[in-house]
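The following exercises are to be worked with the sequence and the model at hand. Each task is followed by a solution in steps.

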2 protein chains.
Amino acid sequence: MERNLSLNLHVLIARLDRAADRILRAEHNISYSRFLALTLVGELGASTQRTLAEYLGVTEPSVSRMTGILAADGLLDVQPDPAGGNRRQLSLTGEGKRVVSSIRQEFEDRLATVVAESGVPYAEYAEHTARLLTTFDRLEREAGK
Amino acid sequence: MERNLSLNLHVLIARLDRAADRILRAEHNISYSRFLALTLVGELGASTQRTLAEYLGVTEPSVSRMTGILAADGLLDVQPDPAGGNRRQLSLTGEGKRVVSSIRQEFEDRLATVVAESGVPYAEYAEHTARLLTTFDRLEREAGK
DNA sequence: TTAGCTAAGTTAGCATGTTAAGTTACAGGC
DNA sequence: GCCTGTAACTTAACATGCTAACTTAGCTAA
């Protein structure tokens, strides 16, 4: 079946995401989307909703709903920014931290297993992917101006 | 910002998909999901809903709804399989063929531009991606048995 | 011919993505 | 002190993914 890069990427990631989602729901009772949001707050320091949207690659309304859900679940603390402005300051609750740290490494390891099994050089593929993301980001920002 | 492969892949593809969707809606008045479904019927010969689900990497209920929409829009022809069984035979209408052929090449070219701009070797990245998809597919099938 | 098996498709309800259009909090000029 | 602009967030309506449960069509065997 001859396919092209954009299609293969789309389908590969759709499957990886779905597998991740199934594992997380079964073993940790949380969805992959929610886990990603918590990870970006906890480990990459997304401290406002706008920043979190930017890091996640989704829109602000999506984040607005998500933070409401995570706060209601007791995983995320959402406070008005003490520095002022119409901002929310995001941080993990103790429970949120526990979830992120217990999952993250286990998770990346599983993907590494698939990569190793396929014979694709992990470091190189990761580097290419990161570079594509950076470039695409830049092109979008330039086009947006 | 230090990130990992699974996260970068997820975000990269989320952005590519969203950009694709915006372009298609603006210039061709169709969503990316619908375009992909038509492409797989037209160019890769997905001739039943189950096969189409497999190729798209989505579930059968998703395809069931999608084929209904595409048929209602006059882009897809959905008929009971003359060979019998509870099957639908899928094929593009004239309009569906027109849409697919006018978009597909233009589209892959845009991605190739991003890849070239980033300095990532296209052929190698495409080959790695295809290999990962094949491997992941196999692992999932093995685990499913 | 009828009961059960299997493959393929559908329905219902929910999760999470989107866009478009509002709202809120502050800053700056008059 | 009040208008206006900007940044950040929210609300509403819809698109499309999922799982669970059901239906439909044909096959096989008693």
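The expected span of a helix is 1.5 Å times one less than its number of residues. Helices (H or I, at least four residues) and strands (E, at least two) are DSSP runs, numbered from the N terminus. This is a predicted model, in which local features need pLDDT of at least 70 and side-chain atom pairs count only at pLDDT 80 or more, while totals for chains, interfaces and linings use all residues. Residues are numbered from 1 along each chain as its sequence is written, and chains are lettered from A and ligands numbered from 1 in the order in which they are written.

**Exercise 1. Determine the span of helix 5 of chain B and describe its course.**

Step 1. Helix 5 of chain B contains 25 residues and reaches 38 Å from its first C-alpha to its last, close to the 36 Å expected at 1.5 Å a residue.

Step 2. A kink of about 30° is centred on Arg104(B) in this helix; the bend at a residue is the angle between axes fitted to the seven residues ending there and the seven starting there.

Step 3. A residue is buried if 20 or more other C-beta atoms lie within 10 Å of its own, exposed if 12 or fewer, and partly exposed in between, with C-beta atoms placed from the backbone. The buried residues of helix 5 of chain B include Gly96(B), Val99(B), Val100(B), Phe107(B) and Leu111(B).

Step 4. After helix 5 of chain B comes Gly119(B), with a positive phi near 80°.

**Exercise 2. State which elements make up chain A, and in what order.**

Step 1. Chain A holds 6 helices and 2 strands, and their order from the N terminus is α-α-α-α-β-β-α-α.

Step 2. Along the principal axes, the C-alpha atoms of chain A fill a box of roughly 55 × 45 × 25 Å.

Step 3. Of the 145 residues in chain A, 33% are buried.

Step 4. In helix 2 of chain A, 9 of the 11 residues are buried, so this helix is largely enclosed by the rest of the structure. Among them are Tyr32(A), Phe35(A), Leu38(A) and Val41(A).

**Exercise 3. Is Asn29(A) buried or exposed? Classify Ala71(A) as well.**

Step 1. Asn29(A) lies in the loop between helix 1 and helix 2 of chain A. With 8 other C-beta atoms within 10 Å, Asn29(A) is exposed.

Step 2. The phi of Asn29(A) is near 55°, a positive value in a residue other than glycine. Asn29(B) likewise has a phi near 55°.

Step 3. Ala71(A) belongs to helix 4 of chain A and is partly exposed, having 17 other C-beta atoms within 10 Å.

Step 4. Beyond its neighbours within four places in sequence, Ala71(A) is in contact with Leu76(A) and Val78(A); contact requires that the C-beta atoms of two residues, placed from the backbone, lie within 7 Å.

**Exercise 4. Analyse the contact between chain A and chain B, and find the symmetry that relates them.**

Step 1. The contact takes 40 residues from chain B and 40 residues from chain A. On the side of chain B, the elements that give two or more residues are helix 1 (5–28), helix 5 (94–118) and helix 6 (122–144). Helix 1 of chain B gives the most, with 13 residues.

Step 2. That side of chain B divides into 25 nonpolar, 10 polar and 5 charged residues. Ala, Val, Leu, Ile, Met, Phe, Trp, Tyr, Cys and Pro count as nonpolar, Asp, Glu, Lys and Arg as charged, and the others, Gly among them, as polar.

Step 3. Chain B is superposed on chain A by a rotation of 180° with 0.0 Å of shift along its axis (RMSD 0.1 Å). That is the relation of a two-fold axis. The superposition is by least squares on the C-alpha atoms of residues with pLDDT of at least 70 in both copies.

Step 4. The same surface serves both copies, as 100% of the contact residues of chain B recur in chain A.

**Exercise 5. Which residues come nearest to DNA strand C, and which are closest to DNA strand D?**

Step 1. A residue is near a strand if its C-beta atom, placed from the backbone, lies within 6 Å of it. Of the 25 residues around DNA strand C, the nearest are Ser31(A), Thr59(A), Arg50(B), Pro61(B) and Ser64(B).

Step 2. By class, the surface near DNA strand C has 5 nonpolar, 12 polar and 8 charged residues.

Step 3. DNA strand D is surrounded by 25 residues, with Arg50(A), Pro61(A), Ser64(A), Ser31(B) and Thr59(B) closest.
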